[in-house]
Amino acid sequence: MIQLDQTQQEFLEKRRKLVRTWPMIGLILLIGMVATLLWLWIQQPLLINPYEVVDRLESGSIENSTIALMAVMLPLLFLICFVLLMIVVLFAYAAFANEKKHLRIIDILTSRER
């Protein structure tokens, strides 16, 4: 029987824990995102519904202060989106680094069996 050292056992146990907990965490995140979108669509349509913005602009029912605020917020939101995209890419790097470590452990195990 092949024995793993302590760091390899800890690594594999962390991966097992992540795999067990991810479906629940992912579902909670998806439900939260959908709930937030629905709340925004109903309560704050100017933040999320472009058709509402166009209709109000055409009817002239948006105050100048709101238009100014939206003009200031747009660049800020784009910056936030780019930061979030960078974070996703960094998480992907971390995930691939973990997978590389996992593959090394598998390689060690398969080479000892031969």
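**A four-helix chain, starting from Gln8**

Okay, let's start with one residue: Gln8, which sits in helix α1. When I say helix or strand, I mean DSSP runs numbered from the N terminus, with H or I over at least four residues for a helix and E over at least two for a strand.

Some housekeeping before we go on. This is a predicted model, where local features need pLDDT of at least 70 and side-chain atom pairs count only at pLDDT 80 or more, while totals for chains, interfaces and linings use all residues. Residues are numbered from 1 along each chain as its sequence is written, and side-chain values use heavy atoms, with hydrogens and water left out.

Back to Gln8, then. Is Gln8 buried or exposed? Gln8 is buried, because its relative accessible area is 11%. The cut-offs here are under 20% relative accessible area for buried, over 50% for exposed, and partly exposed in between, with a 1.4 Å probe and protein chains only. Gln8 has company in α1, where Phe11, Leu12, Gly26 and Leu40 are buried too.

And which residues does Gln8 touch, once we skip those up to four places away in sequence? Those are Ile105 and Ile108. A contact, by the way, is heavy atoms within 4.5 Å.

Now zoom out to the whole chain. There are 4 helices and 0 strands in the protein chain, so to speak plainly, the pattern along the sequence reads α-α-α-α. The C-alpha atoms fill a box of roughly 75 × 25 × 20 Å along the principal axes. The radius of gyration is 24 Å, whereas a compact globule of 114 residues would have one near 13 Å. That radius is taken over C-alpha atoms, and the globule rule is 2.2 Å times the number of residues to the power 0.38.

Of the 114 residues in the protein chain, 9% are buried. The accessible surface comes to about 9,900 Å², and 71% of that belongs to carbon and sulfur atoms. Those areas come from the Shrake-Rupley method with a 1.4 Å probe, and for residues only the protein chains shown count as cover. As for contacts with a separation of 6 or more, 49% of them are between residues 24 or more positions apart.

Let's go back to helix α1, which covers residues 6–43. How far apart should the ends of its 38 residues be? At 1.5 Å a residue the span should be 56 Å, and the end C-alpha atoms are 53 Å apart, which agrees. The expected span is 1.5 Å times one less than the number of residues. There is also a kink of about 40 degrees in α1, at Trp22, shortly before the proline Pro23. That bend is the angle between axes fitted to the seven residues ending there and the seven starting there.

Next up, salt bridges. How many salt bridges does the structure hold? It holds 4, each one a side-chain nitrogen of Lys or Arg within 4 Å of a carboxyl oxygen of Asp or Glu.

One of them joins Arg16 and Glu13, at 3.7 Å from N to O. Those two are 3 residues apart in helix α1, so they are separated by about one helical turn. Here's the background: an α-helix has 3.6 residues a turn, so residues three or four places apart point the same way. Arg16 is partly exposed at 44% relative accessible area, and Glu13 is partly exposed at 39%.

Another pair is Glu52 and Arg56, whose closest N and O atoms are 2.7 Å apart. They lie 4 residues apart in helix α3 (residues 50–59), which again puts about one helical turn between them. Glu52 is partly exposed at 24% relative accessible area, and so is Arg56 at 29%. Salt bridges that share partners also join Glu13, Arg16 and Arg20 into one network.

Then there is a long-range pair: the side chains of Glu99 and Arg15 meet in a salt bridge at 2.3 Å, N to O. Glu99 is in helix α4 (residues 64–113) and Arg15 is in helix α1, so the pair ties together parts that are 84 residues apart in sequence. Their C-alpha atoms are separated by 9.6 Å. Beyond its neighbours within four places in sequence, Arg15 contacts Asn98, Glu99 and His102. Glu99 is partly exposed, with 29% relative accessible area.

Last stop, Met73, also in helix α4. Met73 is partly exposed at 33% relative accessibility. Met73 and Leu47 are 26 residues apart in sequence, and 10.0 Å apart in space from C-alpha to C-alpha. Thanks, everyone.
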